[in-house]
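Biologist: I have a chain in front of me and would like to learn how to read it. Could you take me through it one feature at a time?

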Amino acid sequence: MALAQPEQGGVLQGQIDPRSGPLRGTLATTACMETLQVGYLHAVAAAAGCSLSQPFPDNGIDWHVSHGAPEHVVDDEVTIKVQLKATYQIPPRPAGPTFGFTLDNEHLVKLARTPVAVHKILVVMLVPRERDQWLSAGHDRLDLRHCCYWTNLAGQPVTGRRRTTVRIPTARIFDDRALCAIMTRVGSGGTP
């Protein structure tokens, strides 16, 4: 078998210019941010023992997360709906108890509806502006940067003409323990 040689000016695998980093694809940054936050959600769900499903077609909710446990009171498996958002405009470790995040009013109305049969949460991921800072890997870890925060917007009023800024609590880091606690509350008949 003959191996094709790169054309003049091409990049040979393993020969990366340290000043410019690896040759990344041309996929839009926002599309890459969506993929990163889905990876974060998958990791959290796996560690929490939850299953994921994606509604098709997407009607404004990205994921359904289900948690089965015989200790749940309302059913042996409970589900929440998750809307994912990501931004690089907010720095890591936001100062104060909350940070502002702006949603289109139409989307806020969907997330804020109450009462509901299946609860919804908003998960906002803060990412570095530069893609080469999004993750790092070692023999014993894979670090995703920066962090996801969650909130339940049930009952949140629309205050803007087209968009409304909601407050996201910095104490609500979205990880496996937070997801288990959310599911325990929902499983006992409460809210996220």
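Modeller: What follows goes from the whole chain to its helices, its spaces and a few single residues. Keep in mind that this is a predicted model.

Biologist: Let us begin with the overall layout. How many helices and strands are there in the chain?

Modeller: The chain has 3 helices and 9 strands. Read from the N terminus, the order of elements is α-β-β-β-β-α-β-β-β-β-β-α.

Biologist: What share of the residues in the chain is buried?

Modeller: Of the 192 residues, 34% are buried. The accessible surface of the chain is about 12,200 Å², and carbon and sulfur atoms account for 51% of that surface.

Biologist: Which part of the contacts joins residues far along the sequence, 24 or more positions apart?

Modeller: Count the contacts with a separation of 6 or more; 64% of them are between residues 24 or more positions apart.

Biologist: Now the helices. How is the length of a helix checked?

Modeller: The span between its end C-alpha atoms is compared with the one expected at 1.5 Å a residue. Helix α1 has 20 residues and reaches 29 Å, close to the expected 28 Å. Helix α3, residues 176–187, has 12 residues and should span 16 Å, which agrees with the 16 Å between its end C-alpha atoms.

Biologist: How should I read which residues of a helix are buried?

Modeller: An α-helix has 3.6 residues a turn, so residues three or four places apart point the same way. In α1 the buried residues are Cys32, Met33, Leu36, Gln37, Tyr40, Leu41, Val44, Ala45 and Ala48. In α3 they are Ala178, Leu179, Ile182, Met183, Val186 and Gly187.

Biologist: What covers the buried residues of α3?

Modeller: The cover includes helix α1 and the strands β1, β2, β3, β5 and β8.

Biologist: Which residue follows α1, and what is its phi?

Modeller: Gly49 follows α1, and its phi is positive, near 75°.

Biologist: Gln37 was in the list for α1. Why does Gln37 count as buried?

Modeller: Buried means under 20% relative accessible area. Gln37 has a relative accessible area of 6%, so it counts as buried. Beyond its neighbours within four places in sequence, Gln37 is in contact with Leu84, Lys85, Ala86 and Met125.

Biologist: Next, the open spaces. How much space lies in the largest pocket?

Modeller: The largest pocket holds about 330 Å³. It is lined by 18 residues, and the closest to its centre are Thr30, Glu34, Gln37, Lys85 and Ala86. Helix α1 and strands β3 and β4 each supply at least two residues of the lining. By class, that lining has 8 nonpolar, 7 polar and 3 charged residues.

Biologist: And the closed spaces: how many cavities of 30 Å³ or more are there?

Modeller: The count is 1 cavity of 30 Å³ or more. The largest cavity contains about 40 Å³ of space. Its lining is made up of Leu111, Arg113, Val116, His119, Lys120, Asn152 and Ala154. These divide into 3 nonpolar, 2 polar and 2 charged residues.

Biologist: Arg113 lines that cavity. Is Arg113 itself buried or exposed?

Modeller: Exposed means over 50% relative accessible area. Arg113 is at 57%, so it counts as exposed. Arg113 sits in the loop between α2 and β5. Leaving aside its neighbours within four places in sequence, Arg113 is in contact with Lys120 and Ala154. Its C-alpha atom is 8.2 Å from that of Leu153, a residue 40 residues apart from it along the chain.

Biologist: Which peptide bonds should I look at for the cis form?

Modeller: One is the bond from Phe56 to Pro57, which is cis with omega near 0°. Pro57 lies in the loop between β1 and β2. Another cis peptide bond joins Thr114 and Pro115, with omega about -5°. Pro115 is in the loop between α2 and β5.

Biologist: Last, a backbone angle. What is phi of Arg93?

Modeller: Phi of Arg93 is near 50°, a positive value in a residue other than glycine. Arg93 is in the loop between β3 and β4. With 78% relative accessibility, Arg93 counts as exposed.

Technical notes:
Residues are numbered from 1 along each chain as its sequence is written. This is a predicted model: local features need pLDDT of at least 70, side-chain atom pairs count only at pLDDT 80 or more; totals for chains, interfaces and linings use all residues. Side-chain values use heavy atoms; hydrogens and water are left out. On a 1 Å grid over the protein atoms alone, a cavity is a set of points where a 1.4 Å probe fits but cannot get out, and a pocket is an open set with protein on both sides within 12 Å along at least five of seven lines; lining residues have an atom within 4 Å of a point. Grid points are joined across faces, edges and corners, and a volume is the space filled by probe spheres set on the points. Ala, Val, Leu, Ile, Met, Phe, Trp, Tyr, Cys and Pro count as nonpolar, Asp, Glu, Lys and Arg as charged, and the others, Gly among them, as polar. Helices (H or I, at least four residues) and strands (E, at least two) are DSSP runs, numbered from the N terminus. Buried means under 20% relative accessible area, exposed over 50%, partly exposed in between (1.4 Å probe, protein chains only). Contact means heavy atoms within 4.5 Å. Accessible areas come from the Shrake-Rupley method with a 1.4 Å probe; for residues, only the protein chains shown count as cover. The expected span of a helix is 1.5 Å times one less than its number of residues.
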